[in-house]
Protein chains: 4
Amino acid sequence: MKKQVKVVVIGGGSSYTPELIEGFILHYQELPVSDIWLVDIEAGKQKLDIVGQLALRMVEKSGLPIRVHMTLDRRLALKDADFVSTQMRVGMLQARVWDETIPLKYGVIGQETTGPGGMMKAFRTIPVLLDICKDMEELCPDAWMLNFTNPAGMVTEAIYTHSSVKAIGICNSPISVYKWLSKLYDVEPSRIYAEFAGLNHLHWVTDIQVDGSSKLEELLQSNDSYSAQNVPQYNWNAAFMRSLGAIPSYYLKYFYLNKEMLEDQLASSTKEGTRAEIVKRLEDELFELYQDPNLNHKPAQLEQRGGAYYSEAAVKLMKSIYNDTRDVQTLNVRNGSNLDFLPENACIEVNSLVTKQGPIPLQVTTVPDAIKGLMASVKTYEQLAIEAAVRGDRGLALQALAHHPLVPSINVAEKMLHELLEQNKELLPQFYPKV
Amino acid sequence: MKKQVKVVVIGGGSSYTPELIEGFILHYQELPVSDIWLVDIEAGKQKLDIVGQLALRMVEKSGLPIRVHMTLDRRLALKDADFVSTQMRVGMLQARVWDETIPLKYGVIGQETTGPGGMMKAFRTIPVLLDICKDMEELCPDAWMLNFTNPAGMVTEAIYTHSSVKAIGICNSPISVYKWLSKLYDVEPSRIYAEFAGLNHLHWVTDIQVDGSSKLEELLQSNDSYSAQNVPQYNWNAAFMRSLGAIPSYYLKYFYLNKEMLEDQLASSTKEGTRAEIVKRLEDELFELYQDPNLNHKPAQLEQRGGAYYSEAAVKLMKSIYNDTRDVQTLNVRNGSNLDFLPENACIEVNSLVTKQGPIPLQVTTVPDAIKGLMASVKTYEQLAIEAAVRGDRGLALQALAHHPLVPSINVAEKMLHELLEQNKELLPQFYPKV
Amino acid sequence: MKKQVKVVVIGGGSSYTPELIEGFILHYQELPVSDIWLVDIEAGKQKLDIVGQLALRMVEKSGLPIRVHMTLDRRLALKDADFVSTQMRVGMLQARVWDETIPLKYGVIGQETTGPGGMMKAFRTIPVLLDICKDMEELCPDAWMLNFTNPAGMVTEAIYTHSSVKAIGICNSPISVYKWLSKLYDVEPSRIYAEFAGLNHLHWVTDIQVDGSSKLEELLQSNDSYSAQNVPQYNWNAAFMRSLGAIPSYYLKYFYLNKEMLEDQLASSTKEGTRAEIVKRLEDELFELYQDPNLNHKPAQLEQRGGAYYSEAAVKLMKSIYNDTRDVQTLNVRNGSNLDFLPENACIEVNSLVTKQGPIPLQVTTVPDAIKGLMASVKTYEQLAIEAAVRGDRGLALQALAHHPLVPSINVAEKMLHELLEQNKELLPQFYPKV
Amino acid sequence: MKKQVKVVVIGGGSSYTPELIEGFILHYQELPVSDIWLVDIEAGKQKLDIVGQLALRMVEKSGLPIRVHMTLDRRLALKDADFVSTQMRVGMLQARVWDETIPLKYGVIGQETTGPGGMMKAFRTIPVLLDICKDMEELCPDAWMLNFTNPAGMVTEAIYTHSSVKAIGICNSPISVYKWLSKLYDVEPSRIYAEFAGLNHLHWVTDIQVDGSSKLEELLQSNDSYSAQNVPQYNWNAAFMRSLGAIPSYYLKYFYLNKEMLEDQLASSTKEGTRAEIVKRLEDELFELYQDPNLNHKPAQLEQRGGAYYSEAAVKLMKSIYNDTRDVQTLNVRNGSNLDFLPENACIEVNSLVTKQGPIPLQVTTVPDAIKGLMASVKTYEQLAIEAAVRGDRGLALQALAHHPLVPSINVAEKMLHELLEQNKELLPQFYPKV
């Protein structure tokens with residue numbers, strides 16, 4: 001008989017949780033989750049209660065022998081866990097507003113995972129995650145951490161560099177590519193094979209096969225590519241796509257269409273507010289719904305929240321590990337010698353065979369020469385920023401920002417960094433140590 | 001409806017062919033082979049007829065719509081093929097006798113794939129295979145070549161270095177490891193995962209999992225490892241195995257137990273004759289059986305021939321390519337950046353995901369430091385020998401032999417090379433060009 | 001007795017030539033140049049005459065047995081040459097005006113070696129240089145080509161990639177660093193050692209020693225760095241310099257101070273004209289001077305022309321090769337495994353020991369992590385642009401530009417590329433083949 | 001005015017010391033040594049006195065202001081040292097006898113730096129050297145350690161891996177190559193340039209230039225190569241040399257002529273005794289001479305001792321560092337990315353520019369493919385043996401020996417290792433910890 005599974009959800013009070021609960025219920029046969037521990041911090045207690053009650057109602061409706069626990073005691077939850085999923089937001093949506101607005105003042109993209117905003121999110125998040133990892137090393141050393149917390153690649157790299165926890169970075173973006181292709185070609189996702197090369201939120205799809213036949217060339221000619229709902233809709237330049245020989249992630253629009261995206265952000269920030277503000281309104285509405293004592297399923301409105309397929313990605317990965325399925329998933333893992341122009345320790349987003357012992361990366365078969373420099377450039381920024389986050393080193397933070405492709409000048413970098421750090425002061429004890 | 005499959009078997013008159021035919025019959029549902037072309041050369045005509053008639057009787061008995069063709073016209077056979085399987089032996093078993101006996105005179109292991117014997121086999125074989133590849137480039141450029149011809153790693157590397165044919169090297173040794181483990185743990189092979197690192201006939205198994213749990217440590221402690229029937233049975237040294245942290249291929253006994261294997265070869269060569277001579281007797285008996293007009297199945301005696309699971313390996317690979325199965329098989333493929341201490345162009349034997357577009361190698365996760373030098377050393381020999389084979393360059397041949405770990409002196413290398421080349425003269429036009 | 005030296009100067013009618021002649025005269029004892037061949041094209045005949053006559057007067061004054069030849073027949077000049085120096089400008093200063101002005105229309109730095117301007121210069125120059133190399137392969141296969149033609153790194157890489165000519169890229173920028181330090185510390189340049197890491201016009205000085213003691217830290221603290229006269233004077237940001245741990249080339253201001261440099265270019269282009277226009281006026285004045293039949297020395301005004309120490313760098317390199325001096329010079333050479341995050345074929349600018357057999361690069365000892373990404377990014381652009389230049393491939397040209405760190409959008413890249421190609425049409429036969 | 005130099009000689013009682021003293025006297029102008037500290041251990045006190053008195057007489061005769069100190073107090077000597085030279089022999093010549101004789105019993109070369117003997121020397125030496133390094137880190141952190149102690153490459157790698165001391169491995173073998181060539185071509189060594197690639201006692205000379213012209217091809221054709229007096233004289237095989245394209249170190253005869261060298265050792269061991277025994281007799285005679293109170297110069301007999309040019313190599317290196325000479329010397333340094341088929345941490349023997357900040361390795365320009373495997377193979381052994389030496393790990397020691405190219409079987413390795421460890425028991429506290 002197979003072992004029952006204990007799952008811990010850090011940031012359990014998140015609006016995403018009902019989707020995750022739905023996933024565990026739907027896949028109970030392949031992944032017999034006996035205990036779900038929703039963990040949050042004092043400030044999130046109210047949300048945790050609301051979401052936890054909804055989770056209890058959903059499980060009750062399912063009739064499955066799943067126990068749902070709500071707690072502020074992280075260590076209690078982690079003890080002997082099998083999977084730890086992280087979906088937290090240090091500083092909550094207020095900090096995201098800063099990430100999205102302050103850079104704009106300096107003529108730089110404001111975004112929560114890319115550029116200066118992403119760096120601040122990393123600064124706020126990495127120390128907290130490393131603290132959780134210390135607990136895991138002690139209380140559940142064999143558990144897998146599935147890290148969804150953005151910037152997921154940087155956070156994951158920080159964990160495997162500074163901790164012994166087995167961490168896998170995971171993102172809903174690759175799965176969304178499969179969904180798009182599945183719809184486009186009207187075939188099951190299992191009949192599709194897409195090769196991913198790059199970093200988290202900076203990948204290129206370098207081949208697409210349907211039933212083993214490559215469709216890349218025809219897709220590049222037709223210039224039909226996926227773009228998530230939460231990223232403004234610019235079509236890619238057709239001549240560019242044809243000569244590139246790969247399909248860029250929609251996050252690459254911040255780089256390839258920097259001018260246009262920046263103008264758009266500047267325009268929309270005055271009109272409709274930042275993405276953070278929109279999401280905040282959506283979240284408030286969701287929590288309103290969650291409180292309905294008659295609600296016992298994931299409400300349809302959650303899908304507008306962004307992060308579609310998040311639950312699907314998480315449950316799929318846990319299932320494959322649990323069952324030693326050896327199917328291919330696109331994950332954030334240590335580079336090793338795979339992309340030989342990047343450091344061995346770099347976290348990269350590539351196809352991996354998922355075994356019970358974790359993901360085994362497949363060798364990337366195709367990397368267009370054109371994309372290597374940008375990948376290296378962003379990875380340099382990431383590695384500097386990770387070390388700055390861990391050490392609280394302003395010099396490294398300045399170097400990270402000054403070498404980010406989206407920052408137009410070291411003088412801009414210095415001034416912007418000063419304002420960003422000051423604004424985030426309360427959330428960055430490593431940069432502002434108590435004397 | 002799926003495309004019917006055309007398979008060409010180069011060296012179709014081989015005694016192995018009935019096993020292959022059996023495989024096509026057994027797996028017809030997943031791999032609808034419509035045409036099997038058995039190709040051989042003039043000197044092999046008689047054998048081709050005998051084997052071909054048996055193949056026809058086997059197919060007839062099966063009732064399946066498979067056509068079997070026998071021909072000496074290679075180009076006719078290759079036209080529009082889907083898979084080309086090679087199982088030929090240039091110089092036939094007589095040349096193998098030389099490979100196995102001449103080195104012994106110089107105090108060096110005599111073996112048809114390892115050491116000087118393997119080098120001569122490569123010299124005889126590579127030019128012929130490259131000729132076949134030229135035909136394939138013209139007549140069936142999209143076909144997959146499954147190369148079983150030994151030394152399979154070197155031959156495959158020669159092909160992808162000097163031809164555009166899509167070649168995969170394949171060996172029955174990895175599949176035999178799975179068979180052994182399946183029996184040992186009494187589980188289906190599909191529940192086992194073994195990581196292979198190394199070269200063809202020079203691999204180490206660096207992890208073994210059953211249902212996702214590693215069994216390597218307990219196996220190393222128990223010192224129970226697989227050894228093929230056709231390799232003398234020395235038990236591995238227990239202290240050595242425990243500190244190595246990997247299970248060596250039984251071919252590694254030629255290196256790790258060189259002294260003992262050499263003594264054994266010298267002793268047995270006077271008594272029972274070489275392996276080539278034993279095989280020759282077995283083959284004669286097999287062809288006697290094959291001629292029986294009532295025989296319409298693979299005779300049991302074939303299993304004593306060695307090369308067990310050869311058919312299984314071949315059909316399994318074709319099936320996975322045909323159906324885009326994306327399962328993991330251990331194959332001989334181009335290194336790229338996988339083992340970063342070997343040349344990028346090196347052919348290595350590693351786990352690969354088999355897709356319709358061919359194998360995608362998995363990144364090797366574990367390579368004990370202790371084995372890197374020997375791997376590099378043999379690869380140096382291989383690359384020198386491949387180039388010597390292609391160019392007919394005696395200087396390179398001498399360097400290859402002089403740097404082979406089993407050759408005790410450059411003076412020995414020089415004398416032995418002279419005798420080997422002279423003995424193989426008729427089969428080595430590249431070394432003995434007509435004026 | 002030592003061999004007399006034959007030097008060919010391609011672009012002999014350049015205003016720089018008198019400096020070179022002066023160098024040969026000054027160093028005649030160590031480098032006995034017997035023949036100087038000044039070669040130019042039909043369109044440059046008049047300038048060649050003027051410069052050639054001045055050269056003759058300078059040599060006559062020196063009393064040395066040097067013969068000066070002026071010719072439009074390149075092949076005649078190249079026959080049995082020892083050194084070939086290139087200092088040409090395809091399209092002359094008019095094309096430079098385009099390089100410097102067209103990008104500005106698109107909000108991109110206009111510069112003759114960096115960014116879109118540099119790319120166009122590479123497009124115009126590389127095919128012409130490769131033609132010269134074809135002649136050299138035939139007429140003087142043992143000659144050394146000293147390539148000063150900008151973009152010197154890209155042009156040199158094109159040569160050693162597509163020709164067997166022994167080419168060394170050379171730039172006056174490293175020698176200028178030594179001049180600056182020599183003045184700053186009041187010591188002979190020979191007592192200084194500076195380590196360079198990077199690409200041509202994209203290097204960082206990663207250590208500076210005076211009499212073997214490192215002065216880097218104190219220099220970074222004092223923020224005193226060299227800046228050539230022809231680059232606007234922005235002081236580096238002090239906090240940035242301290243945390244960087246290296247001194248950037250002044251060309252790096254186009255990247256690190258992109259915003260400021262761009263604003264400056266836009267402002268000055270309306271006022272004082274481009275650098276090309278200023279240089280044009282300077283050149284006109286110089287040629288006016290050169291025509292004076294009483295002038296028999298290099299006029300002082302030449303020093304305002306930019307390219308200071310150009311002659312010194314060239315003669316120093318020839319002397320060291322000729323005399324097998326084995327001193328260290330900073331040169332543009334093939335990377336090999338030196339900077340392991342760049343392609344092996346990349347041309348890099350690093351310290352090299354100069355022997356009679358050419359430069360042997362020293363292993364770079366220090367590369368701050370912060371600079372790797374930018375270096376990789378610009379090298380990606382360079383390699384795409386070189387291939388575009390050789391093949392006349394618009395797709396590659398678009399990729400090169402779209403991935404250049406200074407270009408803000410692929411749409412901008414596409415439009416700008418179109419205008420640049422059209423403007424340079426007459427000079428780019430590879431992009432506009434005659435039907 | 002320049003700083004006076006303090007030199008510490010660990011193993012000061014060695015018979016080599018007079019040569020070193022002679023060197024300091026001869027080169028006093030360029031290297032103003034004010035203090036020479038001869039350090040030895042209790043067991044070497046008598047020898048230290050004899051050698052020290054001779055040193056004092058030599059210095060007195062020179063009239064130079066050099067102070068010679070003899071001490072058993074290592075820490076006193078090391079305080080504020082500028083250079084520390086190591087030339088010690090843990091276990092003295094008795095242990096060398098074991099190194100040279102025990103392997104022979106197992107049919108393996110017995111030699112003090114190569115094979116099992118070298119490994120035992122490393123086991124005895126490395127922990128002692130690392131202890132000295134601990135003192136240096138504290139007492140003279142800026143000093144340079146010049147390590148002559150064999151196996152010099154392994155010992156040096158152990159130091160820079162496990163200590164922060166600035167260590168350079170040095171060997172008299174490269175300088176001997178220059179002496180040979182200087183005589184052969186009748187030119188000053190300074191007019192010769194030889195490229196070395198490989199490891200200590202395992203190098204190949206891949207180019208030889210006289211006045212900048214390559215002489216390699218003619219040397220390979222003539223098959224005239226250097227062989228030290230203390231290595232039996234086998235001529236290299238001519239066909240082998242021609243196709244190799246490099247000149248192997250004479251130590252490579254243990255590998256390339258293993259059979260012959262082994263037969264020779266077996267024969268001579270019964271007749272004339274081991275090299276250790278011969279050296280022991282020579283040493284006894286030398287110390288007899290050294291005691292002569294009238295002797296005030298290095299006696300001619302020392303040259304028969306082997307290790308010719310040892311003093312020259314040491315003083316040359318100190319002079320170049322002290323004076324920031326930037327000349328090229330062949331030294332044992334960290335690989336980095338130089339030989340990209342070896343680990344970055346590997347100690348390799350290559351040409352290096354010697355600056356005041358230490359050696360900067362030149363990129364090796366030529367490595368014949370044929371030699372890469374053997375180099376990798378021996379480096380694998382070395383790295384395993386170094387770790388075994390540091391940790392006292394028998395498993396690693398067995399792996400090191402089992403993977404050494406000269407050991408014919410893992411069973412032989414196991415038995416031989418057992419005997420070697422037992423014999424050296426008293427000198428290997430790390431393998432035989434006190435309970």
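What follows is a conversation between a trainee and a mentor about the predicted model shown above.

Trainee: Before we start, how are residues, chains and ligands numbered or lettered, and which pLDDT limits apply?

Mentor: Residues count from 1 along each chain as its sequence is written, while chains are lettered from A and ligands numbered from 1 in the order in which they are written. This is a predicted model, where totals for chains, interfaces and linings use all residues, side-chain atom pairs count only at pLDDT 80 or more, and local features need pLDDT of at least 70.

Trainee: Good to know. How many residues of chain B are in contact with chain A, and what classes do they belong to?

Mentor: Two residues are in contact if their C-beta atoms, placed from the backbone, lie within 7 Å. By that rule, chain B brings 20 residues that meet 20 residues of chain A. Strands β12 (347–355) and β13 (358–361) of chain B each supply at least two residues of this side; strands are DSSP runs of E with at least two residues, helices are runs of H or I with at least four, and both are numbered from the N terminus. Taking Ala, Val, Leu, Ile, Met, Phe, Trp, Tyr, Cys and Pro as nonpolar, Asp, Glu, Lys and Arg as charged, and the others, Gly among them, as polar, the side of chain B has six nonpolar, nine polar and five charged residues.

Trainee: What relation links chain B to chain A, and which C-alpha of chain B is nearest the axis?

Mentor: Superposition is by least squares on the C-alpha atoms of residues with pLDDT of at least 70 in both copies. Chain B falls on chain A after a rotation of 180 degrees with 0.0 Å of shift along the axis, at an RMSD of 0.0 Å. That is the relation of a two-fold axis, and in chain B the C-alpha nearest to this axis, 2.1 Å from it, belongs to B:L362.

Trainee: Why can we say that these copies meet through the same surface?

Mentor: The evidence is in the residues themselves. The copies meet through the same surface because the share of interface residues of chain B that are also interface residues in chain A is 100%.

Trainee: Now for chain C. Which helix of chain A gives the most to the side that touches chain C?

Mentor: Here 37 residues of chain A are in contact with 37 residues of chain C. Helices α9 (238–244), α11 (258–271), α14 (372–391), α15 (394–402) and α16 (410–424) of chain A each supply at least two residues of that side. By class, the side of chain A has 18 nonpolar, twelve polar and seven charged residues. With ten residues, the helix that gives the most is α14(A).

Trainee: Which residue of chain A comes closest to the rotation axis there?

Mentor: A turn of 180 degrees with a shift of 0.0 Å along the axis lays chain A on chain C, with an RMSD of 0.0 Å. The C-alpha that comes closest to the rotation axis lies at 2.4 Å, and its residue is A:F341.

Trainee: How far apart are the nearest C-alpha atoms of chain B and chain C?

Mentor: Chain B and chain C do not touch. No contact joins chain A and chain D either, and their closest C-alpha atoms lie 12 Å apart. For chain B and chain C, the nearest C-alpha atoms are separated by 12 Å.

Trainee: Are the annotated residues A:C171 and A:H201 buried or exposed?

Mentor: The unreviewed UniProt entry places its "binding site" annotation on A:C171 and A:H201; positions follow the numbering used here, feature names are shortened, and annotations may be inferred rather than shown by experiment. A residue is buried if 20 or more other C-beta atoms, placed from the backbone, lie within 10 Å of its own, exposed if 12 or fewer do, and partly exposed in between. A:C171 has 27 such atoms within 10 Å and A:H201 has 24, so A:C171 is buried and A:H201 is likewise buried.

Trainee: Last one: how many residues of α13(C) are buried?

Mentor: Helix α13 of chain C covers residues 310–323 and has 14 residues. Those that are buried include C:Y310, C:L317 and C:Y322. The helix is largely enclosed by the rest of the structure, because the number of its 14 residues that are buried is eleven.

Note on methods:
Expected span 1.5 Å × (residues − 1).
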